[in-house]
Amino acid sequence: MITYYNPLGGVSLTNEYFAGLVGEAAQHCYGVAGMASSSASDSIKSLILGKNRADKGVRVSQADGKLAIELHIMVGYGLNISSIVQSISHRVRNEVETATGLKVARVDVCVDDVIDA
């Protein structure tokens, strides 16, 4: 649960909301072939709920009022991984800060697989 306070009171947002927001932003970036499972629980959720979950491979945590985001992705073969990672980082940061007003401390993008697209 991510919580922040404003003059009117506290606002709490679930980790699932942030994971879905981040996952959707990342999947719409050029070169991303899909999201990779970051843990065993992700793998089990994929089996039960289906392959194309927006929050697959996403972890969001909060420290000192700022968010730390970790993404696990698959990219297409033959593409510039550095450019893809930079694009994802900028887009995710922008989407989260625009949608929530919270600051993003860092976006860690892990390329777990390169597939033939």
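User: In which helix do Arg91 and Glu95 both lie, and how many residues apart are they?

Analyst: In this predicted model, both residues belong to helix H3, where Arg91 and Glu95 are separated by 4 residues, or about one turn of the helix.

User: What makes the meeting of the Arg91 and Glu95 side chains a salt bridge?

Analyst: The N to O distance for Arg91 and Glu95 is 3.9 Å, and the criterion asks for a Lys or Arg side-chain nitrogen within 4 Å of an Asp or Glu carboxyl oxygen, so the pair qualifies.

User: Why is Arg91 called partly exposed, and why does Glu95 get that label?

Analyst: Arg91 has a relative accessible area of 31%, and Glu95 has 31% as well; because buried means under 20% and exposed means over 50%, Arg91 falls in between, and so does Glu95.

User: How do you know that Arg59 and Glu70 meet in a salt bridge?

Analyst: Their side chains come to 3.8 Å, N to O, which satisfies the requirement of being within 4 Å. This pair links distant parts of the chain, with Arg59 in strand E4 and Glu70 in strand E5, 11 residues apart. Arg59, at 40% relative accessible area, is partly exposed, and Glu70, at 24%, is also counted as partly exposed because the buried class requires a value under 20%.

User: What makes E4 and E5 paired strands, and in which sense do they pair?

Analyst: Pairing requires at least two bridges between the strands, and E4 (residues 58-63) and E5 have 6 bridges in the antiparallel sense, so they count as paired. Within this arrangement Val60 stands opposite Ile69 in E5. The two strands form a hairpin with 2 residues between them, and Asp64 in the turn has a positive phi of about 55°.

User: Which salt bridge does Arg106 form, and how far apart are the closest N and O atoms?

Analyst: The partner of Arg106 is Asp108, with the closest N and O atoms 2.9 Å apart, and this distance is within the 4 Å limit. Arg106 is partly exposed at 45% relative accessibility, and Asp108 is partly exposed at 31%. The structure holds 3 salt bridges.

User: Why does Tyr77 count as exposed, and where does Tyr77 lie?

Analyst: The relative accessibility of Tyr77 is 64%, and because the exposed class begins over 50%, Tyr77 belongs to it. Tyr77 lies in the loop between strand E5 (66-76) and helix H3 (81-100). Together with Ile81, Val111 and Val114, Tyr77 makes a nonpolar surface patch of about 370 Å².

User: Which residues have the most contacts inside the largest nonpolar core, and how many residues has this core?

Analyst: The core has 26 residues, and those with the most contacts inside it are Ile69, Leu71, Ile88, Val92 and Val96. At least two residues of this core come from each of helix H1 (15-27), strand E3 (32-35), E4, E5, H3 and strand E6 (103-115), and H1 gives the largest share, 6 residues. Not counting residues up to four places away in sequence, Leu71 touches several residues, among them Val22, Met35, Ile88, Val92 and Val107. In soluble globular proteins, nonpolar side chains tend to be buried together.

User: How many helices and strands are there in the protein?

Analyst: There are 3 helices and 6 strands, following the pattern β-β-α-β-α-β-β-α-β along the sequence. Of the 117 residues of the protein, 38% count as buried.

Note on methods
Residues numbered from 1 in each chain as written. Predicted model: local features only at pLDDT ≥ 70, side-chain atom pairs only at ≥ 80, totals over all residues. Heavy atoms only, no water. Patch = residues over 30% accessible without salt bridge, like charges linked within 9 Å, V, L, I, M, F, W, Y side chains within 5 Å. Areas by Shrake-Rupley, 256 points an atom, 1.4 Å probe, with all protein chains shown as cover. Buried < 20%, exposed > 50% of the residue type's maximum accessible area, 1.4 Å probe, protein only. Core = buried A, V, L, I, M, F, W, Y, C linked by side-chain atoms within 4.5 Å. Contact = heavy atoms within 4.5 Å.
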